[in-house]
2 protein chains.
Amino acid sequence: MRVLVTGAGGFIGATLLRLLHARGRIGERPIELLAAADQRLPALDAGIAAIEGDLGSREVRSRIAALAPDVCFHLAAVPGGAAEADPALSRRVNLDAGLDLFETLACAAASRGGQAAPPVVVYASTIAVYGHPLPEVVSPSTPTRPPMTYGAHKLACEVVLADYSRRGLLDGRALRLPGIVARPRAPSGLVSAYMSDVMHALKAGESFTCPVGPEATAWWMSARRCAQNLVHAALMDAAAEAERAWVLPVLRLSMAELVQTLSQSYGVDGPRLVRYAPQPAVQAVFGRYPPLDDRAARALGLRDDGTATALVRRALEPGFEDPHEAPAWR
Amino acid sequence: MRVLVTGAGGFIGATLLRLLHARGRIGERPIELLAAADQRLPALDAGIAAIEGDLGSREVRSRIAALAPDVCFHLAAVPGGAAEADPALSRRVNLDAGLDLFETLACAAASRGGQAAPPVVVYASTIAVYGHPLPEVVSPSTPTRPPMTYGAHKLACEVVLADYSRRGLLDGRALRLPGIVARPRAPSGLVSAYMSDVMHALKAGESFTCPVGPEATAWWMSARRCAQNLVHAALMDAAAEAERAWVLPVLRLSMAELVQTLSQSYGVDGPRLVRYAPQPAVQAVFGRYPPLDDRAARALGLRDDGTATALVRRALEPGFEDPHEAPAWR
């Protein structure tokens, strides 16, 4: 089974690629991995084919069409802050390139003919499809009112992907990802970068200036758990679902709770190292995430990190394996 | 004030163009009319400039940019049935060309500089953004699950237009139009063509085979009322609205009620002329429209045809003027 990961050079893409390569299969089926990125990919593990170039280019799409993937994880994106600064770039990458990719995958599968199931497309959407202020509880019926161009373009892709699913040309599953941790400490274009930076700082025993207050609640998920959910999304039985997009179950933690967990995990004095200097703009968007009605996603088998401690360790220790985890989720 | 109407060669576009030309103004401001169409436009009234060509072409967009309209009514579209038959055409016309037009209008306004208000874009969206079965009542919080490619592409445009509004580059107002009557009797690519055909047939005293049953309830609006609502949408104060898309208030009539009204209006024996032969596919989509919670739209001044009789006369008699109508709505 051919499996394409776009955005394979990115933070989540690289995590997913490692997970898929280590497993060598999705469910019962052995996989052949294709990694697409608009940048030079680092040396890939043996057996992973690289497709380097602009996903929006005809040449890259032709290569993808020739390979006709059975499963595609579409992660390539310009992140939130960068998209807001350059909406034309966001349209090209976050909207047009996604729509072109969907068409390429559908056409490639159709041209193979036969009665094979349509390609599965797991689409990395975003909780930024919701507006703010968010309602008391976010549920599957919460209206979508993207407060940033990033969320608007992702939502438009969701809508079109659902239409491909309706027509039976693709089997689309959109996951609305929360902020994922712990990103490398480097400029990422993400307003939520502080969520990762505080984790690296406290693990290293360094001080940190936090742009939200201690009471600010956000939704948390480790990159590894995110990758596990993406793989699960490719397998889960979504045929009977009215919706084709889900918010992942998440841990809802205040910054103070996270700092406490980091303090315990790494034996540091978090409350002393962290200085809270809330920035109103960051606090308004990222400081007030409400409870999430994630029953629909849980019923399909999607899951959060379990505990704050497991979140922290999964996020900061690449080799961490949770002994309480079911084998299929390791 | 420069006013652009796209899809000016179409049924609603032509009705809107006539209305705008007859009025010569929107609100208090005199207008200069620009009519865009991908076909040769019929002889236009004096003073209306024609822009003929593919809205998706750089040349047409350059002409629009040079004219920098203050208001745009974007009606150009491939209709539902035709879009479903050719999704690639629908993407080009219903999605990409719309997004390119929004960008053109925003850039043209920005390049004029100054502190002028952003261009108003009244976007003809569709009730086909909702899925079926529809809920007991359709309200502003009804989730959008387009059951056809046409609705999916229109919804994606709505999402992107709302983002331009959020950024203050355009002032977008999307109206989700119901089936509009009475279209000329010609192949239109619309599954809902029967709604117009039954009106023409009974007015002419001809028999008609109806693809939905007598109890089938649909949402009805005349083209003239639709055009009046589009103009009103350009004027209404939407600044405080959380949503940028509205379903128009509509008359909800069963086919039997419509046939009765036509019978009375034109002195024909409708029940004898109409043979009901429900087609399950048509009945499933067009036969079960529920009540509509249209209070938000009414509060903004949008309105339905008033009575079934006024609907029929406005739809079938070009010269009809309702004496009970406020002058601003004539």
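Here are a few friendly notes on this two-chain model, point by point.

1. **Ground rules.** This is a predicted model, in which local features need pLDDT of at least 70 and side-chain atom pairs count only at pLDDT 80 or more, while totals for chains, interfaces and linings use all residues. Residues are numbered from 1 along each chain as its sequence is written, with chains lettered from A and ligands numbered from 1 in the order in which they are written.

2. **Where the chains meet.** Chain A and chain B each bring 13 residues to their contact (C-beta atoms, placed from the backbone, within 7 Å). On the chain B side, these split into 9 nonpolar, 2 polar and 2 charged; here Ala, Val, Leu, Ile, Met, Phe, Trp, Tyr, Cys and Pro count as nonpolar, Asp, Glu, Lys and Arg as charged, and the others, Gly among them, as polar.

3. **A helix pair in chain A.** Helix H1 (residues 11-23) of chain A packs against helix H7 (residues 223-235) of chain A at about 65°, with the axes 9 Å apart. Helices are DSSP runs of H or I with at least four residues, strands are E runs of at least two, and both are numbered from the N terminus. The axes are lines fitted to C-alpha atoms over the stretch in contact, with angles from 0 to 180 degrees between N-to-C directions. Among the residues making this contact are Phe11(A) and Leu16(A) of H1(A), and Cys226(A) and Val231(A) of H7(A). By class, the contact has 10 nonpolar, 2 polar and 1 charged residues.

4. **Strand E8 of chain A.** Of the 7 residues in strand E8 (residues 171-177) of chain A, 6 are buried (20 or more other C-beta atoms within 10 Å of a residue's own, with 12 or fewer counting as exposed and values in between as partly exposed; C-beta atoms are placed from the backbone). Strand E7 (residues 120-126) of chain A pairs with E8(A) in the parallel sense over 7 bridges (pairing needs at least two DSSP bridges), and Val121(A) stands opposite Gly172(A). E8(A) also pairs in the parallel sense with strand E12 (residues 245-247) of chain A, over 3 bridges; there, Arg176(A) has Val247(A) as its bridge partner.

5. **A small sheet in chain B.** An open, mixed sheet of 3 strands runs in the order E9-E11-E13 in chain B. Strand E11 (residues 217-222) of chain B and E13(B) are antiparallel, with 4 bridges, and Thr217(B) stands opposite Ser254(B).

6. **Arg303 of chain B.** Why does Arg303(B) count as buried? Because it has 20 C-beta neighbours inside 10 Å. Arg303(B) lies in the loop between helix H11 (295-299) and helix H12 (308-316) of chain B. Leaving aside residues up to four places away in sequence, Arg303(B) touches Asn229(B), Pro249(B) and Arg298(B).
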